[in-house]
Amino acid sequence: VGSSPGDAELRPRRDEDAAFISIQAFPALLDLPQDLEVSGVGCGSRHTAVVTRGGELYTWGWGKYGQLGHGDNASADRPRRVEQLVAEEVVCGPWTTYVCVLE
């Protein structure tokens with residue numbers, strides 16, 4: 001198979017530091033501990049967040065802008081708990097996550 005100058009634009013770019021994040025185009029079961037009861041869900045362009053009835057916040061997806069709330073720009077394919085807060089509600093924007101927290 002030959003290639004043309006425009007083919008480079010169609011190939012995925014390889015970043016050694018970038019994590020692979022799968023894209024889920026259809027509804028899927030969440031892989032959270034069974035004893036957690038989800039009370040709210042927020043979905044951004046490439047990330048998701050859930051709040052449990054106990055106030056725990058879990059996030060996963062693309063984290064390039066720190067929108068997962070773990071103090072870094074790492075992406076995650078699996079839900080990861082955001083420590084140090086008790087969440088009441090979560091809303092996600094395209095590249096942001098807004099959380100209403102309890103003091």
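Let me start at one loop. Gln84 sits in the loop between strand E4, residues 76–82, and strand E5, residues 87–92. What is the sign of phi at Gln84, positive or negative? Phi there is near 75 degrees, a positive value in a residue that is not glycine. As background, most residues other than glycine have a negative phi. Gln84 is also exposed, with a relative accessible area of 81%. Please keep in mind that this is a predicted model.

Now the chain as a whole. How many helices and how many strands does the protein chain have? There are zero helices and six strands. Reading along the sequence, the pattern is β-β-β-β-β-β. The chain has 103 residues, and buried residues make up 27% of them. About 8000 Å² of the chain is exposed, and 50% of that comes from carbon and sulfur atoms. On contacts: taking those with a separation of 6 or more, 35% are between residues 24 or more positions apart.

Next, the sheet. Four strands form an open sheet, in the order E1-E2-E3-E4, with antiparallel pairing. Which strands are at the edges? They are E1 and E4, each of which pairs on one side only. From one strand to the next, the twist averages 20 degrees. For anyone new to sheets, the strands pair through backbone hydrogen bonds, either parallel or antiparallel.

Inside that sheet, take E2 and E3. Strand E2 covers residues 47–52 and strand E3 covers residues 57–61; five bridges join these antiparallel strands. As one example of partners, Thr48 is matched with Trp60 in E3.

Then there is the pair E5 and E6. Strand E6 runs over residues 97–101, and E5 pairs with E6 in the antiparallel sense over five bridges. The two strands form a hairpin, with four residues between them. Which residue of E6 stands opposite Glu89? That is Cys100.

Val91 is a residue to look at in strand E5. Its relative accessibility is 43%, so Val91 counts as partly exposed. Setting aside neighbours within four places in sequence, Val91 is in contact with Thr96, Thr97 and Tyr98. Val91 can also be placed against Val50: the two are 41 residues apart in sequence, and their C-alpha atoms are 9.2 Å apart in space.

A similar comparison can be made from strand E4, where Ala76 is placed. Is Ala76 buried or exposed? At 15% relative accessibility, Ala76 counts as buried. Ala76 and His47 are 29 residues apart in sequence, while the C-alpha to C-alpha distance is 9.0 Å.

On to salt bridges. How many are there? The count comes to two. One is formed by Glu37 and Arg53, with the closest N and O atoms 3.1 Å apart. Glu37 lies in the segment before E1 and Arg53 in the loop between E2 and E3, so this pair ties together parts that are 16 residues apart in sequence. Both Glu37 and Arg53 are exposed.

The other salt bridge is between Arg81 and Glu56, where the closest N and O atoms are 3.4 Å apart. This pair links distant parts of the chain, with Arg81 in strand E4 and Glu56 in the loop between E2 and E3, 25 residues apart. How exposed are the two partners? Arg81 is partly exposed, with a relative accessible area of 33%. Glu56, on the other hand, is buried, with a relative accessible area of 18%. The cut-off for buried is under 20%, so Glu56 falls on that side.

Last, the surface. Which residues form a nonpolar patch there? They are Leu30, Val38 and Val41, and together they have about 230 Å² of accessible area. Val38 belongs to strand E1, residues 38–43. With a relative accessible area of 33%, Val38 is partly exposed. And E1, as I said, is one of the edge strands of the open sheet.

To recap: six strands and zero helices, an open sheet in the order E1-E2-E3-E4, a hairpin of E5 and E6, and two salt bridges.

Note on methods. Residues numbered from 1 in each chain as written. Predicted model: local features only at pLDDT ≥ 70, side-chain atom pairs only at ≥ 80, totals over all residues. Heavy atoms only, no water. Buried < 20%, exposed > 50% of the residue type's maximum accessible area, 1.4 Å probe, protein only. Contact = heavy atoms within 4.5 Å. Areas by Shrake-Rupley, 256 points an atom, 1.4 Å probe, with all protein chains shown as cover. Patch = residues over 30% accessible without salt bridge, like charges linked within 9 Å, V, L, I, M, F, W, Y side chains within 5 Å. Salt bridge = Lys/Arg side-chain N within 4 Å of Asp/Glu carboxyl O. Pairing = 2+ DSSP bridges. Axes fitted to C-alpha atoms, helices over the stretch in contact; angles between N-to-C directions.
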